[in-house]
Amino acid sequence: MLANGAGRVYSFEPDPRKYAQLKSIYGDQSGVVVEQKAVTDRDGPVKLIRQGTHYSLVHQGTSDLTVEGVSLDSYFKDIEKIDFIKVDVEGGEFLVLRGAKETIGRNSQIRLAVEMHWTILAENKMVEKDMMDLIGGLGLQLVQGGGTWLLGRIPEVSKEETNDQEKPSPVPGE
């Protein structure tokens, strides 16, 4: 059971064949919503480039599929609590996170697993620093790196919580 009976799972798949597979497997399950949309940083039509067995928003080449794009902020604007987001978008990770700023901001316990496609990102002049700046700006921190980045909220720790008091400098005059 995907959501342990207590929540909902939302799946976004722009590829018509993969969408049909997901819909046939999960479409009748309570608590599962399958959408044929591309998740990005804005709403409206987007052109996808076919690369082998998958489509990408950011690959170079000729578009052969136009689908409805959606940002997570607009899709989840009326949903109060989001616990987990899994992202695997063939190089469009930056766009997805940029389009989820409000959603991430209003969910203090949110966790994310982001499948990073660095080769595709590099083709589009995206470097790790850009992604780290965006993640930090969202109040998230990298919990684990590698191919899949696990991200979580940076805890706000007060001095009382850490018992860290202002300590005099051991060097005179500082």
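Begin by selecting strand 9 (140–144) and strand 10 (148–153), which run antiparallel and are joined by four bridges; two strands count as paired if DSSP finds at least two bridges between them, and strands are DSSP runs (E, at least two residues), while helices are runs of H or I with at least four residues, both numbered from the N terminus. This is a predicted model, in which local features need pLDDT of at least 70 and side-chain atom pairs count only at pLDDT 80 or more, while totals for chains, interfaces and linings use all residues. Residues are numbered from 1 along each chain as its sequence is written, and side-chain values use heavy atoms, with hydrogens and water left out.

Within this pair, pick out Q144, whose bridge partner in strand 10 is L150.

Next, widen the selection to the open sheet of four strands, which has the order 7-8-10-9 and mixed pairing. Its edge strands, strand 7 and strand 9, each pair on one side only.

Now turn to the largest nonpolar core, a set of buried (under 20% relative accessible area, 1.4 Å probe, protein chains only) Ala, Val, Leu, Ile, Met, Phe, Trp, Tyr and Cys residues joined through side-chain atoms within 4.5 Å. Of its 24 residues, L72, L97, I104, L112 and L140 touch the most other members. The elements that give two or more residues to this core include strand 7 (84–87), helix 3 (93–98) and helix 6 (128–137). For a last stop, select A38, V46, L48 and Y55, which are among the six residues of a second, separate core.

Definitions and conventions
Buried < 20%, exposed > 50% of the residue type's maximum accessible area, 1.4 Å probe, protein only.
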